Amino acid sequence: KVDTKMENIKISNLSFAYEEGGRLILKDINTEVRAGEFVCILGQSGCGKSTLLRLLAGLEKPTSGDIRIGEEKIEGASLDRGVVFQDYGLFPWMTAGENIMLALKQRFPGRAKQELKEIAVDMLKEVGLDEAVYKMLPKELSGGMKQRCAIAQAFSMNPPILLMDEPFGALDAVTRARLQDLILKLWAQ
């Protein structure tokens, strides 16, 4: 665990277009999410949900308006915002364990490699994967297994903000229910 301070997220007059002067994907979004809240964004395919999450993650810059976490304006990606993408986000040339360790080494630079490996293996087990998955390449994993590795990576970092973009789309019903329970457990902690 790392001490993390939860802050409110405030979105003010946020608009976004992929090209300067292009069609707005998001227009005049205003909302506030209080620290500790669990929020779900619903909408039809193509309405901008993933774009909003990319803006919250700091992977895109708004065309106008801003997003603040506490008093800080989001100016780029941060280890304080974990992200689980629809497309897994795993580097194909690295094993599942190496993908998770890469994130952990950035998040916890002072910790021993063995301690970080234990965190990674424990989180793989939490998402219902065998320890052997640690040494497997993404191409050796099913879509559901890749998605669980990506979820394990994000959860292992213990970020104060966790952004998830349809994280359970590639999972079967039983695994989906198990991971929904895990998210609720982690949120409660």
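W187 is classed as partly exposed in this predicted model, because its relative accessibility of 46% falls between the 20% limit for buried residues and the 50% limit for exposed ones. The residue belongs to helix α5, which spans residues 173–188. Together with F38 and L184, W187 makes up a nonpolar surface patch. The accessible area of these three residues together is about 320 Å².

Within the protein, 1 cavity of 30 Å³ or more was found. The largest cavity encloses about 30 Å³ of space. Its lining consists of S50, L53, R54, V83, F85 and D165. Helix α1 (residues 49–57) is the main contributor to this lining, supplying 3 residues. Sorted by class, the lining of the largest cavity comprises 3 nonpolar, 1 polar and 2 charged residues.

Among the open sites, the second largest pocket has a volume of about 470 Å³. A total of 21 residues line this pocket, and those closest to its centre are V83, F85, A103, Q153 and M157. Two or more lining residues each come from β5 (81–84), α2 (96–107) and α4 (143–156). The lining of the second largest pocket divides into 14 nonpolar, 6 polar and 1 charged residues.

V83 and F85 are found in the linings of both sites: they border the largest cavity and are also among the residues closest to the centre of the second largest pocket.

Methods
Residues are numbered from 1 along each chain as its sequence is written. This is a predicted model: local features need pLDDT of at least 70, side-chain atom pairs count only at pLDDT 80 or more; totals for chains, interfaces and linings use all residues. Side-chain values use heavy atoms; hydrogens and water are left out. On a 1 Å grid over the protein atoms alone, a cavity is a set of points where a 1.4 Å probe fits but cannot get out, and a pocket is an open set with protein on both sides within 12 Å along at least five of seven lines; lining residues have an atom within 4 Å of a point. Grid points are joined across faces, edges and corners, and a volume is the space filled by probe spheres set on the points. Helices (H or I, at least four residues) and strands (E, at least two) are DSSP runs, numbered from the N terminus. Ala, Val, Leu, Ile, Met, Phe, Trp, Tyr, Cys and Pro count as nonpolar, Asp, Glu, Lys and Arg as charged, and the others, Gly among them, as polar. Patches are made of residues with over 30% relative accessible area and no salt bridge: like charges are joined within 9 Å, nonpolar side chains (Val, Leu, Ile, Met, Phe, Trp, Tyr) within 5 Å. Accessible areas come from the Shrake-Rupley method with a 1.4 Å probe; for residues, only the protein chains shown count as cover. A salt bridge is a side-chain nitrogen of Lys or Arg within 4 Å of a carboxyl oxygen of Asp or Glu. Buried means under 20% relative accessible area, exposed over 50%, partly exposed in between (1.4 Å probe, protein chains only).
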